[in-house]
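Here is a structure to look through, with a short walk around its helix contacts, its strand pairings and a few odd backbone spots. Keep the 3D view open while you read.

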Amino acid sequence: MTARSAALFDAARRVIPGGVNSPVRAFNSVGGTPRFITSASGAYLTDADGNELVDLICSWGPMLLGHAHPEVVAAITEAAARGTSYGAPTPAEIDLVAEIVDRTPVEQARLVNSGTEATMSVLRLARGITGRDKIVKFAGCYHGHADSLLAAAGSGLATLGIPGTPGVTAGTTADTIVLPYNDRAAVTAAFAEHGPEIAALITEASPGNMGVVPPAEGFNAFLAETARAHGALFVSDEVMTGFRVSRSGQFGLDGVEPDLMTFGKVMGGGFPCAAFGGRADLMGHLAPVGEVYQAGTLSGNPVAAAAGLTTLRLATDEVYAGLGTRADQLRAAVSEALRGAGVPHLVQSAGSMFSVFFTDADEVVDYAGASGQDTAAFAAFFHAMLDAGVHLPPSAFEAWFLSAAHDDAAIDKVITALPEAARAAAR
Ligand code: PLP
């Protein structure tokens, strides 16, 4: 039964463009009607028709502990009862930033409301510090929808088939150099040509927005060295990977120390809350102490800070170990089912984060490789899984996310659904 979701989608489309407030929520690339969710608990979503779905989106990453974790809900409720926004500094902000500083190499961080704001602000800071205009990014890496970063930007755009977007001026993207991911020669050549003009190189610490395409061995260290050799700043975007692939993020896996970093998703515990940070000498260029302006009415919001802080404090080493075990189990089951049905595929991972490419390639190392997928096979697979009560990301270019609440029962429900979905993908 999906009649209520269908009726809600009709109502939504009358007042909201496309019926959604973020394009990836629509089912454009897989067809059909998105489920409208009315509640969530642990590993499950409940839609408007009362269907219970195992959630493998986890709000696109944030819900590391699962939905409506009792301690997180209690912290949010308690904070909200003390007022929802003051427009003045609060103790909770210090605690949240101190937790981030404890887990990552950043010495200082500033809180913002979204990953987009974090990357937009960090690049302004990098440009302000260096006095240079250009930035380097990689095709298939998504850093949010700030104008200068909406060039060859991965999943949302890949899914919709929009190469960039109208509304971004040629002048803006003229300062953005887009390179193929994992391509050292391209990086070396770009810095040889434009080195003195480049303020920053920004990369997803381990890309998850063209599907999961991990950095080749030593690639992040090479990026850091190359940027610094030319007086540019190395910015690692850990909005997706931060506090998810390890206690700190990709930094916890490869140990490469960036100059500046961005965070979001998990650190907000499901609220609009993100951050950018780095060495204190660099962060000291921000207003009010420094000359680079950056601000936000709701930044460091006390309810969001309570949600984020409680989530991080509950995200212990055991949680990360458990996520790793579950991810291994699920990856193996997906491969077995697809192999059994003769569906060409490739599973790639970064810690517990993984995605499934519907391709016969042996490896996907960049956006061009990721683009060569059988999206029709994915759509068939997706709908069969949804019919069986499993909510996958509605795009072949997205990572699948697990939470600490995905217990045996939830994983079994997914595993049980896989063979039929694999057969659907084979047809
Ligand atoms: N950076 C990365 C790596 C992301 O994955 C995302 C969102 O998916 C963003 C930035 C933008 O974050 P937000 O959607 O909170 O603006």
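What follows goes through the helix packing, then the strands, then the unusual backbone geometry of this predicted model.

**Helix pairs**

Let's start with the helix pairs, set side by side here.

| Helix pair | Angle between axes | Axis separation |
|---|---|---|
| Helix 2 (residues 70-81) and helix 11 (residues 302-314) | about 155 degrees | 8 Å |
| Helix 12 (residues 317-340) and helix 15 (residues 408-426) | about 25 degrees | 8 Å |
| Helix 7 and helix 8 | roughly 10 degrees | within 10 Å |

Take helix 2 and helix 11, whose axes pack at about 155 degrees. Because of that angle, helix 2 is roughly antiparallel to helix 11. The crossing of helix 2 past helix 11 is right-handed. On the helix 2 side, the contact uses E71, V72, A75, I76, A79 and A80, and these meet P302, V303, A306, A307, T310, T311 and L314 of helix 11. Sorted by class, that contact of helix 2 with helix 11 comes to ten nonpolar, two polar and one charged residues.

Helix 11 also has company from helix 3 (residues 91-103), which is where A92 is found. Is A92 buried or exposed? A92 counts as buried, because it has 22 C-beta neighbours inside 10 Å. Setting aside neighbours within four places in sequence, A92 touches P302, A305, A306 and L309. The C-alpha atoms of A92 and V303 are separated by 8.8 Å, although the two residues are 211 residues apart along the chain.

Next come helix 12 and helix 15, with an angle of about 25 degrees between them. That angle is why helix 12 counts as roughly parallel to helix 15. Here too the crossing is right-handed as helix 12 passes helix 15. Which residues of helix 12 meet helix 15? They are R326, Q329, L330, A333, V334, A337, L338 and G340, and their partners in helix 15 are I411, V414, I415, L418, P419, A422 and A425. By class, the residues in this contact of helix 12 with helix 15 split into twelve nonpolar, two polar and one charged.

**Around helix 8**

The axes of helix 7 and helix 8 cross at roughly 10 degrees, so helix 7 is roughly parallel to helix 8. R184, V187, T188 and F191 make the contact from helix 7, with F222, L223 and T226 on the helix 8 side. The class split for helix 7 with helix 8 is four nonpolar, two polar and one charged.

Now look at helix 8 itself (residues 219-229), where F219, N220, L223, A224, T226 and A227 are buried. What do the buried residues of helix 8 pack against? Their neighbours are helix 7 (184-194), strand 7 (198-204), strand 8 (233-238) and helix 9 (251-254). Just past the end of helix 8, G231 has a positive phi of about 75 degrees.

**Strands**

Over to the strands. One open sheet has four strands in the order 1-2-3-13, with mixed pairing. At its edges sit strand 1 (37-41) and strand 13 (390-391), each of which pairs on one side only. Within that order, strand 2 (residues 44-47) and strand 3 (residues 52-55) run antiparallel and are joined by three bridges. Y44 faces V54 of strand 3 across this pairing.

Another antiparallel pair is strand 11 (residues 346-350) with strand 12 (residues 353-357), held by five bridges. Q348 stands opposite S355 of strand 12. The hairpin of strand 11 and strand 12 has two residues between the strands, and G351 there takes a positive phi near 60 degrees.

**Backbone oddities**

Finally, some spots in the loops. C58 is not a glycine, yet has a positive phi of about 50 degrees. A68 likewise is not a glycine and has a positive phi of about 50 degrees. C58 lies in the loop between strand 3 and helix 2, and A68 lies in the loop between strand 3 and helix 2 as well. How do their surroundings look? C58 counts as buried because it has 28 C-beta neighbours inside 10 Å, while A68, with 15 C-beta neighbours inside 10 Å, counts as partly exposed.

There is also a cis peptide bond to find, joining A287 and P288 with omega at about 15 degrees. P288 belongs to the loop between helix 10 (280-283) and helix 11.

Methods
Residues numbered from 1 in each chain as written. Predicted model: local features only at pLDDT ≥ 70, side-chain atom pairs only at ≥ 80, totals over all residues. Buried ≥ 20, exposed ≤ 12 C-beta atoms within 10 Å, placed from the backbone. Contact = placed C-beta atoms within 7 Å. Axes fitted to C-alpha atoms, helices over the stretch in contact; angles between N-to-C directions. Parallel < 35°, antiparallel > 145°, perpendicular 65-115°, else oblique. Left-handed = near helix turned anticlockwise from the far one by under 90°. Nonpolar A, V, L, I, M, F, W, Y, C, P; charged D, E, K, R; others polar. Pairing = 2+ DSSP bridges.
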